[in-house]
Amino acid sequence: MSLPETLAEVRDLSARYQSGKADAFDAFRNLVSLIFHATILSANGSVRLSFGPGRDLVLGGWRGPTDPLPLTNGTFLRVSMMPYREETEHGPRVKVRSSSYQYQLDADGEQPVFRFVLVYKLREAGSVDIDPGLGLLGSFFVTTYTAQIRVSGG
Amino acid sequence: MQTTTYEPLKLSRAQIVDQLEAGARRRLHMSAEEFVRAYRDGRLADAGRVADLLMLAHLLDERDPLFVAA
């Protein structure tokens, strides 16, 4: 795929996921996949949406949220993102509640290098509080208007 | 590039609980129930280390017996 074609694909997928319509989650997954494959992801790796009996979706590895992605240099990136649809004054929008990235030397994660956790929005009070939110706020974090960010060494 | 052809992964409750059980025992030396309870009680020293397991738990229904037990 040429650069202009890639950029056109990125624009199209961005517009589709931002629209919040029926195929928004697939577009989000495809956009992440496109960017990862164009940069760091091994040709035999792929991201995938997982779902279960609950209402949430998680974007992670091919075999689920805990499956790390193989990278081109032989290392791994464990990625978990939780997209959700939110009604706004401009119509439905797909947003990400929280995401976690761990760069690691091995598939099992026994040799982590660094971790990057973003918590954009904590789940509303009253439901099951298992968001990787407040409990993550440990040694170092930065709070912005919309996001809480924590980076830690392995 | 693998950007257009794929199927989302559907995980049953049993598959999710099995993965939680295996992951929590291997990485934290505790059961899935103990893992959820420890997180909810704020007793996980570095929850970011197991953020993927926490997101996996999110795939369960919020009324799941695992949460009720915890």
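Two strands count as paired if DSSP finds at least two bridges between them. I note at the start that this is a predicted model.

**Entry 1: a strand pair in chain A**

I looked up S4(A) and S5(A) with that criterion in hand. S4(A) covers residues 76–88 and S5(A) covers residues 91–104. The two strands pair in the antiparallel sense, over 13 bridges. For the register I took Phe76(A), which stands opposite Gln104(A) in S5(A). I then checked the connection and found a hairpin, in which two residues join S4(A) to S5(A).

**Entry 2: chain B overall**

I listed the secondary structure of chain B next and got four helices and one strand. In sequence order the pattern reads β-α-α-α-α. The C-alpha trace of chain B spans about 40 × 25 × 20 Å along its principal axes. Chain B has 70 residues, and 43% of them count as buried. I also looked at contacts in chain B with a separation of 6 or more; residues 24 or more positions apart account for 51% of these.

**Entry 3: H1(B) against H3(B)**

At what angle do H1(B) and H3(B) pack? I read about 160°, with the axes 10 Å apart. Angles over 145 degrees count as roughly antiparallel, so H1(B) is roughly antiparallel to H3(B). I recorded the crossing of these two helices as left-handed.

I then wrote down the residues that meet. From H1(B) they are Ile16(B), Gln19(B), Leu20(B), Gly23(B) and Ala24(B). From H3(B) they are Leu53(B), Leu56(B) and Ala57(B).

I followed Leu20(B) separately. Leaving out residues up to four places away in sequence, Leu20(B) touches Leu53(B), Leu56(B) and Ala57(B), and also Ala32(B) and Phe35(B).

**Entry 4: the largest nonpolar core**

Which residues touch the most other members of the largest nonpolar core? I found Val58(A), Leu20(B), Leu53(B), Leu54(B) and Leu56(B), out of 44 residues in this core. I then listed the elements that each supply at least two residues of the core. In chain A these are helices H1 (3–19) and H2 (24–39), with strands S2 (57–60), S4 and S6 (112–119). In chain B they are helices H1 (13–28), H2 (32–40) and H3 (51–58). The largest share comes from H2(A), with seven residues.

Cross-reference to earlier entries: S4(A), the strand that pairs with S5(A), is among the elements listed for the core. Leu20(B), Leu53(B) and Leu56(B), noted where H1(B) meets H3(B), are among the core residues that touch the most other members.

Key:
Residues numbered from 1 in each chain as written. Chains lettered and ligands numbered in written order. Predicted model: local features only at pLDDT ≥ 70, side-chain atom pairs only at ≥ 80, totals over all residues. Core = buried A, V, L, I, M, F, W, Y, C linked by C-beta atoms within 7 Å. Buried ≥ 20, exposed ≤ 12 C-beta atoms within 10 Å, placed from the backbone. Contact = placed C-beta atoms within 7 Å. Axes fitted to C-alpha atoms, helices over the stretch in contact; angles between N-to-C directions. Parallel < 35°, antiparallel > 145°, perpendicular 65-115°, else oblique. Left-handed = near helix turned anticlockwise from the far one by under 90°.
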